[in-house]
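These are my notebook entries on a bound metal and a bound ligand. I set down what I looked up, in the order in which I looked.

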Amino acid sequence: MILLRRRAEGRTPGPAPAPRAARHERDTTIGEAVTRAVTAVFGSVPTALLIFILAVMVVTAVPAILFTGTGFFGTYFSPGNYYLAPTVHNGISASHGAVFGFLPEMLGTLVTSAIALGLAVPISVGGVLTLTEWVPRWAQGGVGLLLELLAGVPSVVFGLWGVLTFGPFMLRTVSPALTGIIGGFPWLFPWLPQGAAWVLLGAALIAFIGIRASVHGRLRRRARWLSVIVLFITLWGAVAPWFTGEVNTAGGVLTASLVLALMVVPIIAATTRELVRHVPVLAKEGSLALGMTKHETARVVTLPYISTGVLATALLGWGRAIGETIAMFFIIGNIFTGIPVNIYHSGATLSSLIAGTLDGVLQAKTDVSALFAAGLFLLVISLLSNLGGRLIIRRVAGDRALPVGRGV
Amino acid sequence: MLTRAVGSIGVGSQVGAASVPGGVAVRDLHVLYRANELLHGVSSTFRPNAVSAIVGPTGCGKTTLLRSINRMHDSTPGMRVTGSVTVGGEDVYGRGVVVRGLRRKVGMLFQRANPFPQSIADNVSLAPLAHGTVSRHGVSALVEEHLRLVGLWDAVKDRLDRSPFHLSGGQQQLLCLARTLALSPEVLLLDEPTSALDPDTTEHIEGLIKQLSARVTVLVVTHNLAQANRIADDVLFLMAGSVVEFAPAQTFFQNPADERSRAYVSGRIG
Ligand SMILES: Nc1ncnc2c1ncn2[C@@H]1O[C@H](COP(=O)(O)OP(=O)(O)OP(=O)(O)O)[C@@H](O)[C@H]1O
Ligand SMILES: [Mg+2]
């Protein structure tokens, strides 16, 4: 580059050279054009596939959408009775008394995956950081292999274990203890009805984001702490009631979430391990040379370096958690009794609903169509969460950008 | 505690009469990477409160020598160090040495800038906070003082809470220097501190090094012989992992004892 510019500067102004560039001086060669064409074809395959799948699902879901309308956000699902006169609505005929409300399943999907990720991310990152510090180098390869093996355990095995071993354990031991402890503090927020908690939560979130964006300097740090505390309190106010009350099943939402977390941990941990290994030694040495401990170095250098990568991995794990079918089907099943009263109650997710219902409704076209609509919701949730995560990553990476291509 | 941390290296601050400077002595230092010997028995005594320049061709072991003094080789698997290094009379590799404390006393500036992925202000204050040499209230004064010291304050005072990776390479190096100085070290190991800086800034840093040497033992690696001539009291000339000559700067530049030094000074080697 520099060389080229020098040469250009050095040339004395004169008549323009004839436009007769040799083959190797042209910008594109035939080889390059071919490469570009091939890349374009292969590059567009994923997009085309996604559009195709979306189109098929939308087309198939249309009858159910016409039949139900906004009823999708109802709290009750029933395939209806085939032996009675069909119900007709908006020109679409469905089994007698068919109702397609997916709200419990949507919430089930979101809640189980959120709890799973909320546990899996700190566990994986903390575990990996501890590991890379405390386990000798030669043993770390073994741990990595173990993680990869764990990531490869079929989900049906997790499902079986969850429903036969882990579920009963939760029912007997963990859930009663939890509900006892959390339910034992009703005095914490007796004045806070659930609705108010959610409103407060929203306000706090807005304040949190607003403060982060507008206040700078030392004030900002203090304000940030304050908003974190407010956020925590409102979150707790909104969430705590769900952790109290009766425990009546081995396969509750909490059990399912924990098994999901277990399934996601190896995925996130394996990637986090790679991320940690690729943090530049020089960056860490800068901290060590100042007499900072390994722990301080992990906090000050390693964590910021891996944070965007961990977020991206968490998104992958989130996708897996949302789509996980067979284990969820085994554990929480598909009980259509509305929104679970608490986290220990059985419920359903969109994927467990589809898996559990399809076989019985294959004869009823509109029911199948409704399941496609459920699948569409699933797809939309995963696409939206993916996009949201990407936005977060871009924001994070925007300010505390990693030193890519900078430096001396 | 606070005043000591903030004041002891300040431009106008007084030299504490009680501060015991740490001279650095290296005896028969061998550094091996696996079967490969990088330093073949280096011995030198770096005078306290003086600037010693370490010069030599690329790959001769200058960085390796610096890193043995604050035990940075400890964390590189396959590196072995034998021989002795003392700082202020204390054996660096001795039993019961707290590496954390050693590195607080012996500050190091790396050949390439490596600021923390934290805000500019935090880059300066994190280590002093971790060592407890500054209180929360003293942080902003500490940050300002050391950024001023290296001449970076005016450039960054409006973006102290921003990422350092938006700074230029030279500015990042200055930030790293400020970060090292903020711990008030007794010994400074500088690995080509000015290689990324313009002449004016280089002059400022050279002045700073001279000033610091009033109470700090400075070892500075440089490829710039004119710079070594300007700032060094002593010069250590390394070639292929061995000491060729260690002499007062004047002697080294005007009347070196070794033929290879003569060649190096006149630009025929390296
Ligand atoms: N971590 C390491 N692993 C293996 N070899 C190393 C390592 N660090 C240094 N070396 C080797 O030690 C020798 C001296 O390296 P060193 O970095 O000390 O050179 P230097 O004098 O600082 O060179 P420069 O002027 O280029 O900075 C080189 O041959 C290098 O290959
Ligand atoms: Mg070097």
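Entry 1, the metal site. In this predicted model, I looked up what coordinates the magnesium ion (ligand 2) and found B:Thr63, through OG1, and B:Gln111, through OE1, at 1.9 to 2.4 Å. I then placed the two residues: B:Thr63 belongs to helix α2 of chain B, whereas B:Gln111 sits in the loop between β6 (106-109) and α4 (120-131) of that chain, so the pair ties together parts that are 48 residues apart in sequence.

Entry 2, exposure of the pair. I asked whether B:Thr63 and B:Gln111 are buried or exposed. B:Thr63 has 27% relative accessibility and counts as partly exposed. B:Gln111 is also partly exposed, with a relative accessible area of 35%.

Entry 3, polar contacts of ligand 1. I followed both residues to ligand 1. A side-chain N or O atom of B:Thr63 lies 2.6 Å from an oxygen atom of ligand 1. For the side chain of B:Gln111, the corresponding distance to an oxygen atom of ligand 1 is 2.7 Å. B:Gly61 makes its contact through the backbone, with an N or O atom 3.0 Å from an oxygen atom of the ligand. I noted that the protein covers 64% of the 630 Å² of accessible area that ligand 1 has on its own.

Entry 4, the shell. I listed the residues surrounding ligand 1, among them B:Tyr33, B:Leu38, B:Lys62, B:Met79 and B:His223. By class, the shell holds four nonpolar residues, seven polar and one charged. Which helix gives the largest share of the shell? I found that helix α2 (residues 62-69) of chain B does, with three residues.

Note on methods. Residues numbered from 1 in each chain as written. Chains lettered and ligands numbered in written order. Predicted model: local features only at pLDDT ≥ 70, side-chain atom pairs only at ≥ 80, totals over all residues. Heavy atoms only, no water. Near = heavy atom within 4 Å. Polar contact = N/O pair within 3.5 Å; in protein donor to acceptor, adjacent residues only side chain to side chain. Areas by Shrake-Rupley, 256 points an atom, 1.4 Å probe, with all protein chains shown as cover. Nonpolar A, V, L, I, M, F, W, Y, C, P; charged D, E, K, R; others polar. Donors = N, O, S within 2.8 Å, 3.2 Å for Na, K, Ca; no water. Buried < 20%, exposed > 50% of the residue type's maximum accessible area, 1.4 Å probe, protein only.
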